[in-house]
Amino acid sequence: CLQDEILTIPVLTTDAITNTTSTSATAGGNITSDGGMEVTERGVCWNIVPNPTIGDFSTSNGTGTGSYTSSITGLNPFTKYYIRAFATNSIGTAYGNQDSLTTPPNDGVGPIADIDGNTYKTIIIGEQTWMAENLKTRKYKDGSDIPKVTDNSAWAALSTPGYCWYYNDSASYHNSSGILYNLSAANTGNLCPFGWHLPNDLEWNSLIDFLGGVDEAGGKIKEAGFTHWFDPNTGATNETGFTALPGGYRNYIGTFGGLGIHGVWWSSETGIKNQIWTYYNSGNIVLDYTTDQNGYSVRCIKDLAPTLTTQSISSITPTSAAAGGNITSDGGAAVTERGVCWSTSTNPAYGDNKTTDGTGTGVFASSITGLTEGTVYYVRSYAINSVDTAYGNEVSFTTLALPTLTTTLATGVTLTNAISGGDIINDGGAPVTERGVCFSTIANPTTADPRSIDGSGTGTFTSFLNGLSPATTYYVRAYATN
């Protein structure tokens, strides 16, 4: 006798990664054994966490054994990815050895210009796009002038917008370090170019966390060498291309300091104390607190589509339901319309049925009407700003319907009694709270006529009809209420 072949998942290896760009790479695999069953799908899978599977991002590169090449696209700049080849047969899915890559920085959206005629390099880091230079504009984006304040006493007394250059020396510092703004100027919502905004703490923290935290991010962000930073400029590599410079500051009494040592940028967060982000030549990054009279640098970040979630569905009836959403970020541009959209197909969009529920961020409520009973609907919240229309997660629900049931043929008929009942096949999506049989000498009896009450819930039940009149024709129907 011959021993039966033992069937297994495929055996394969992951090829070396090549042709890496800021958004793509080339990989592949080599399937050396199909495990005794035909390989029906093969490719590579990837994610930002180790040991990716086909449930993550993946390619599909044919069938069978041997070597194959995979094109990986849609990557984020300056991001580490883990990659494995995979092969699937009827036994299961096998994975090759794990490899990794880090995409290089991206030069962003190209140079952008402000209303004052200055141009700026930009850089993409993860999912954020930043200016790679300090802001230099002397005008708001609507074309109006920002007051220039040079006198120390006037700066100290300033409670309205103002700007200056370090040491009031535009020739030396305008092109390299940019302009210093007080908070009244920085946080008007009118300072950064159209499509850009002053970053908030969440956006600063996202940048720092993406780069490995405060102990690592400083070096990756700071310009290397000692052209602008004083020694020791610890850990500075500028591998992100952010090129943070030590532009110094102007304090609340109007004097200057920190050039070559401190790079300080406004955050849009305000409160009891206004917040700033400070980079030191020692390598540290610090979230600090200050007064709005101080003058600091500004870095703008590109507007994004809003971020939002879809609220759970409630108050479901046969023709309506309550829904809503929570817009956690406007992406830097005002949300001009929000609501929910729905359809009987997945991924409903703005062009389908929708509500319109105001503007701005935060939680909002929506009323969905005009539905069909007993129907599955898919719902997503939406929010629109000047960048795009964004959608929340998808939720689904089924509208309620009347129960479905049959009437049991009457038996045991006597002069004054009979036995009937029913079978409730479906509760219509809501619990059956009462069931029984209604009867009358007129056709199509309802619960307004005499009836029995025989419990609740679905399934079969028996009803005893009493108090009937002899030699009389009765009409009988089972009923169920939800």
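Let me start with disulfides: a search of the whole structure, which is a predicted model, turns up 1 disulfide. That bond joins cysteine 192 to cysteine 300, with the two sulfurs 2.1 Å apart, and the angle about the S-S bond is -85°, which makes the link left-handed. If you look for the two ends along the chain, you will find cysteine 192 in the loop between helix 3 (183-186) and strand 14 (196-197), while cysteine 300 sits in the loop between strand 19 (285-290) and strand 20 (301-302), so that the bond connects distant parts of the chain, 108 residues apart. Both cysteine 192 and cysteine 300 are buried.

Now, why does cysteine 164 not take part in a bond? The closest cysteine sulfur to that of cysteine 164 belongs to cysteine 300, and because the distance is 17 Å, the two are too far apart for a bond. Cysteine 164 is itself buried, since its relative accessible area is 0%, and cysteine 341 also counts as buried, at 0% relative accessibility.

While we are at the loop between helix 3 and strand 14, please look at asparagine 190, which lies there too. Asparagine 190 has a relative accessibility of 17% and therefore counts as buried, the cut-off being under 20%. Leaving aside residues up to four places away in sequence, asparagine 190 touches Tyr140, Lys141 and Asp142.

Let me turn to the salt bridges, of which the structure holds 5, and I will go through some of them. In one of them, the side chains of arginine 138 and aspartate 116 meet, with 2.9 Å from N to O. This pair links distant parts of the chain, 22 residues apart, with arginine 138 in the loop between strand 11 (128-131) and helix 1 (152-156), and aspartate 116 in the loop between strand 8 (112-113) and strand 9 (119-120). Are these two partners buried or exposed? Arginine 138 counts as partly exposed at 35% relative accessibility, whereas aspartate 116, at 17%, counts as buried.

Another bridge is formed by lysine 136 and glutamate 133, whose closest N and O atoms are 3.0 Å apart. Here lysine 136 is buried, with a relative accessible area of 6%, and glutamate 133 counts as buried as well, at 19%.

A further bridge pairs glutamate 434 with arginine 451, the closest N and O atoms being 3.1 Å apart. Glutamate 434 lies in strand 31 (residues 434-440) and arginine 451 in the loop between strand 31 and strand 32 (459-465), so the bridge ties together parts that are 17 residues apart in sequence. Arginine 451 counts as partly exposed, at 36% relative accessibility.

On the surface, Leu7, Ile9 and Ile91 form a nonpolar patch, which together offers about 230 Å² of accessible area. Isoleucine 9 belongs to the segment before strand 1 (11-14) and counts as partly exposed, at 36% relative accessibility.

Finally, let us step back to the whole chain, which contains 5 helices and 33 strands. The radius of gyration is 34 Å, whereas a compact globule of 482 residues would have one near 23 Å, and the C-alpha atoms fill a box of roughly 115 × 80 × 35 Å along the principal axes. Of the 482 residues, 45% are buried. Among contacts between residues at least 6 apart in sequence, 61% join residues at least 24 apart. The accessible surface comes to about 22,300 Å², and 50% of that belongs to carbon and sulfur atoms.

Technical notes: Residues numbered from 1 in each chain as written. Predicted model: local features only at pLDDT ≥ 70, side-chain atom pairs only at ≥ 80, totals over all residues. Heavy atoms only, no water. Patch = residues over 30% accessible without salt bridge, like charges linked within 9 Å, V, L, I, M, F, W, Y side chains within 5 Å. Areas by Shrake-Rupley, 256 points an atom, 1.4 Å probe, with all protein chains shown as cover. Salt bridge = Lys/Arg side-chain N within 4 Å of Asp/Glu carboxyl O. Helix = DSSP H or I, 4+ residues; strand = E, 2+ residues; numbered from the N terminus. Buried < 20%, exposed > 50% of the residue type's maximum accessible area, 1.4 Å probe, protein only. Disulfide = S-S within 2.5 Å. Rg over C-alpha atoms; globule rule 2.2 N^0.38 Å. Contact = heavy atoms within 4.5 Å.
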